[in-house]
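Q: Could you take me through some of the labels used for this model, setting each value against its definition?

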Amino acid sequence: MRRRPDKASHSRYLRPAPALCLTVRAPDSFCGGRTIASTGPDQAIMTQVNEKISTRVEGDIGFIRSDNPPVNALGQAVRSGVVEALDRLNAEPAVKAIVLHCEGRTFFAGADITEFNKPRVPPTLQEMILAIENSPKPVVAAIHGTALGGGFETALGCPFRVAVPSARMGLPEINLGLFAGGGGTQRLPRIIGPEKALEFVLSGKPVGAAQALALGILDAVEEGAPDAIGAAFARRVIDEKLPAVAVSRRDDRIAATRADPSAFDALAAKLTARSKGQEAPAANVAAVRRSFTLPFDEAMAIDAEANRALMAGSQSRALRHLFFAEREAARIPGLPKDARARDVARAAIIGAGTMGGGIAMCFAGAGIPVVIVDTTQEALDRGMERVRANYATSVKRGSISQEQVDRRLALITPATDRAAVADADLVIEAVFEDMAVKKEIFSDLEKRVKPGTVLASNTSALDVDEIAAALDRPEDFVGMHFFSPANVMKLLEVVQAAKSSPEAILTAMAVGRKIGKVPVWSGNCDGFIGNRMVAKRSAQAERLLQRGAFPPQVDAALTKLGFPMGPLTTNDMSGLDIGYAIRKRRGTPFPIADAIVESGQLGQKTGSGYYRYEPGDRTPRPNPDTDALIVATSAKLGIERREMSEGEMVERLLFPLINEGARIVEAGIALRPSDVDLVWINGYGWPRHLGGPMFHADETGLAHIVARLREFAADTPDDPSLEPAPLLVELAAKGQGFSEWQKSRAAA
């Protein structure tokens, strides 16, 4: 058992947990206060408060149990049940302390998100927590699983908190465009200090029990059943008369910041420096600041109003949209109900280049042994050196430890013989984009792997059906398009070929989730979902340059919206020769982009492209040579250059790709508009607070987008793709959006 070391009152170990009583569980549909007999050392009686909440008394300790699967979400029935249970146990003369715990796999894992945007039904979360905090008998929160959001706030409303070692807790509300309005931003600073609390809420990441104990969030960490460790600590509270001071009335951890907030202000500026355009980070800072500048009740009242305003805003709607979109993306309609993903205990990667090494790191990070195969030892050595360099950067940043790196490197085996793939359950080809090479590789791999091994190509644009044609067992083949750098980027497009089996598709989706990706199903077409759409944006970026803009203006139009980098900076980073080769294959010349490549400028790899780069520095700087080339190309094309507003550039860059997204959805290449949003959020840097292109289209208004596209099409008659997509026109005419269309399709 581990204890918080900084409290004198916690100087002794917990007493052994009392023997647990055996209770008879009430039917889920039952409520109304009926008592149910159970056996145990104290002949405890469990009383069902409602269908979610029950109580029992063992000697002088009362228990409140929540049983609301799957995650004990804090819905109205749970909240009202807890308040009623507190009233009952406080009315029991024998009870001296109360343990709050949960049945199932987790403590309260958060608010019931399905109640968002609905009228609030009392008791609210804040009212329930206030009832806990004002209980005349001290309440011990016994945490297991995850205590997140409102669940963690509930624990903070208890004067004492204990947890099992595997428990995790956090305030992830910022990921939904909100802050912890149930008291998290007011109570947490009073336990760990405003500066630590600020880091906590701005990261949105949970911490483990050991770290929570060290911070002072927990009073004890012990192995055992939640109610047992809660009872053991409650025994101490009673016997040692531990003072049960409400967290809201503690001032010692906020006093120093109240006297001198300069360190807090500096930290806030540092932590929010990269959150341009986002409302939630600033709102979180303001809420934590209120913890040391205003009385608790006044701060809570302001928090409530501020959070309601955030919840009603577009940014929070966007982030909640993405929360549900990730859940929905896992569902692939039309697959047989008995189809199952195959187990993947070992993987293999063909190609030790940047992409292959990054993919191998993903598997090693998930604890899956992986073989990297390349044709020469020299190529393998370069690839492994790149992997080690990536890990060294992560260690330097503090994101992982050297011990973790050593464990991961031990899971990566380099090989020059393709025979090394024999034991793999999944083999991913990650070589350069050449159809003949890929066909040869897969034809050979099929002879070397065991039956049932899934074969996957990391192609970004090639026809997966043509690749699969080289196989005798095309049903075991699937596209798995990772995004560069593969060890960082979250997106994985799972591309279904004509003969891909349901098992192969489900295996790719399941593996993607296991290695930390956001897998999105895609049909087969040139560029799949993301690259097919980005091609439309690239064409417009080219046109903006032809008509009067320069690279910094084009990129700024999107970075000011919150994109991490503009399209031209991205192209320089990826290498301009890549897009050049694709355009040559497609027969779609870009006069300016092609001229830059043909002048020998390939982007960062050569020190110049759209921008100029100093040796060892990736900072883009204006490139006078490219600017002159742009002006000359405009003149050669007979185009009179003009000034363009930032608003026009934004619409010309985004509306055509939204238009292509509508075509992709209508054609069934993407299953749903929200899948398109996930692709752009996780693969192309679309700002999360803008929800993705299809969500952004709904927020902008489809009628406006249709009207502007028609203007663009009239202005650029040589590009028929600018004509509004039929689905876009149909929805605009009906006054509907993609969200409504998706809901109607799901209900059909």
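**Labels and their grounds**

A: One contact to begin with is that the side chain of Glu493 reaches the backbone nitrogen of Gly530 at 3.0 Å. This is a predicted model, in which local features need pLDDT of at least 70 and side-chain atom pairs count only at pLDDT 80 or more, while totals for chains, interfaces and linings use all residues. Residues are numbered from 1 along each chain as its sequence is written, and side-chain values use heavy atoms, with hydrogens and water left out.

Q: What makes the approach of the Glu493 side chain to the side chain of His481 a polar contact?

A: The separation is 2.8 Å, and a polar contact is a pair of N or O atoms within 3.5 Å, where within protein one must be able to donate a hydrogen and the other to accept it, and residues adjacent in sequence count only if both atoms are side-chain atoms. The pair Glu493 and His481 is therefore listed as a polar contact.

Q: Why is Glu493 said to have no salt bridge?

A: A salt bridge is a side-chain nitrogen of Lys or Arg within 4 Å of a carboxyl oxygen of Asp or Glu, and the nearest side chain of opposite charge, Arg532, is 10 Å away. Lys and Arg count as positive and Asp and Glu as negative, whereas His and the chain ends are not counted, so the contact with His481 does not enter as a salt bridge.

Q: How do you know that Asn72 is buried and Lys241 exposed?

A: Buried means under 20% relative accessible area, exposed over 50%, and partly exposed in between (1.4 Å probe, protein chains only). Asn72 is therefore buried, with a relative accessible area of 2%, and Lys241, at 68%, counts as exposed.

Q: What makes the phi values of Asn72 and Lys241 worth a remark?

A: Phi of Asn72 is near 50 degrees, a positive value in a residue other than glycine, and Lys241 likewise has a positive phi of about 50 degrees although it is not a glycine.

Q: What is the omega value of the cis peptide bond from Pro69 to Pro70, and of the one that joins Pro122 and Pro123?

A: For the bond from Pro69 to Pro70, which is cis, omega is near 5 degrees, and for the cis bond joining Pro122 and Pro123 omega is about -5 degrees.
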